[in-house]
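Q: I have a protein structure to look at and would like to learn how to read its features one at a time. Could you take me through it slowly?

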Amino acid sequence: MSSEANALELKDVEIVYQRRHRTPVRAVAGASIAVKPGQIVGLVGESGCGKSTLARAAVGLVAPSAGSVLFHGEPVKPLGLRSRPASLTGLQMVFQDPQSSLNPRRTVGSQLADALEIVRRTPRSGHPARVSELLEQVGLPASASSRYPHQFSGGQRQRIAIARALAADPTVMVLDEPLSALDASAQAQVANLLVRLCRDLDIGMLLISHDLAIVNQVADEVAVMYLGLIVEQGPTGELWRTPRHPYTEALIGAIPQADGEHSQPTVLPGEVPNPAAPPAGCRFHPRCPLAFDRCRTDAPPLLTVEPGRTQACWLQRADVPA
Ligand code: SF4
């Protein structure tokens, strides 16, 4: 598909954090990812791999040091969400903790009305009806409007946070670990809600998660990130059946086979290297059971290995020993 079809496109994004008297951290070392309308792209990797930083860059909360972020072809400027141009209000973010992203002292209805006021697409007289509609879209009764956030469960609060994002009529939503603070049953329900909203409203979603089981359940595409780099990307089903990168394989292998329980955060053997001093060559080589000499000196490029699939590992190249 052409790049015009992408609703959100991050191209060769680098994000470097300068630190006083200390080595800068290259939290994202050159990552490209695209989201089409009506598509859920999962971005997975262990804690500290840079995926949340990349998510924040996707909505303009962090300025890339290099590369570009485009929303329907328009650059996403690093501005606060409230001061962004009207053309970018269709790019919304949902955070991990709905408790801290909602105002505890205001009713749900007034917070949704505030969101409608910012985008100014609905006249004030129409706010009550639109608030009821938004609540219905996320599976809550209209009566929720007059209640306060603390009167809801964690899953319901995350639904409210999603409703608030929907108030802007988004075409893209970036969701940073939206399910990780929820219990297993709420996780499944909110995951199903995201899929339904994506399909019904043709919203593109970039779903950041350390929970591969959830991503496998909802995402159309998956990008796997390791220490600031995308190391593999492809359609979810194919990537799960035939992971090509040893890191992807290890992540999938580490998903707990719990009986009906949601998976716990994935932990692989070996320590995640310090992002301020990443290993030379392939960044994964100190933890890779298949590493050989070249892996310690040369970084494998991210290459297309078959239509729709990319990966960065020397083992898939014809010019290395089998
Ligand atoms: Fe392992 Fe080498 Fe492939 Fe890196 S390039 S994942 S170290 S085999």
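The dialogue that follows takes up the ligand, some helices, the backbone angles and some single residues.

Q: What should I know about the model before I begin?

A: This is a predicted model, in which local features need pLDDT of at least 70 and side-chain atom pairs count only at pLDDT 80 or more, while totals for chains, interfaces and linings use all residues. Residues are numbered from 1 along each chain as its sequence is written, and side-chain values use heavy atoms, with hydrogens and water left out.

Q: Which residues are the closest to the ligand, and how many surround it?

A: A residue is near a molecule if one of its heavy atoms lies within 4 Å of it. Here 13 residues surround the ligand, and the closest are C282, C288, C295, C313 and W314. The shell divides into 11 nonpolar residues, two polar and no charged, where Ala, Val, Leu, Ile, Met, Phe, Trp, Tyr, Cys and Pro count as nonpolar, Asp, Glu, Lys and Arg as charged, and the others, Gly among them, as polar.

Q: How do I read the length of a helix, taking α3 as the case?

A: Helices are DSSP runs of H or I with at least four residues, strands are runs of E with at least two, and both are numbered from the N terminus. The expected span of a helix is 1.5 Å times one less than its number of residues. Helix α3, residues 108-119, has 12 residues and reaches 17 Å from its first C-alpha to its last, close to the 16 Å expected.

Q: Why is α3 described as largely enclosed?

A: Buried means under 20% relative accessible area, exposed means over 50%, and partly exposed lies in between, with a 1.4 Å probe and protein chains only. Nine of the 12 residues of α3 are buried, so this helix is largely enclosed by the rest of the structure. Among the buried residues of α3 are V108, L112, L116 and V119. Contact means heavy atoms within 4.5 Å, and the buried residues of α3 pack against α4 (127-137) and α5 (154-166).

Q: Which residues are buried in α1 and in α9?

A: Helix α1, residues 51-58, is mostly covered, with six of its eight residues buried, and these are K51, T53, L54, A55, A57 and A58. In helix α9, residues 246-253, the buried residues are P246, Y247, T248, L251 and I252, and what covers them includes β3, α7 (212-218), β9, β10 and α8 (236-241).

Q: What should I look for in the phi angles?

A: Most residues other than glycine have a negative phi, and most peptide bonds are trans. R120, which follows α3, has a positive phi near 55°, and it is found in the loop between α3 and α4. L227 also has a positive phi, of about 45°, although it is not a glycine, and its place is the loop between β9 (221-226) and β10 (229-235). After α1 comes G60, whose phi is positive, near 85°.

Q: Are R120 and L227 buried or exposed?

A: R120 is exposed, with a relative accessible area of 66%, whereas L227 is buried, with a relative accessible area of 5%.

Q: How far apart in space are I40 and L194, and what does I40 touch?

A: Distance along the sequence and distance in space are two separate readings. I40, in strand β3 (residues 40-44), is 154 residues from L194 in sequence and 8.9 Å from it in space, C-alpha to C-alpha. Not counting residues up to four places away in sequence, I40 touches L194, V195, C198, M205, L207, V218, A219, D220 and E221, and I40 is buried, with a relative accessible area of 1%.

Q: What does the reading look like for L10 and for S180?

A: L10 lies in strand β1 (residues 8-19) and is buried, with a relative accessible area of 1%. Leaving aside residues up to four places away in sequence, L10 touches A31, S32, I33, L54, A58, S68 and V69. S180 is in the loop between β7 (172-176) and α6 (184-201) and is partly exposed, with a relative accessible area of 26%. With the same exclusion of residues up to four places away, S180 touches Q96, Q187 and H210.
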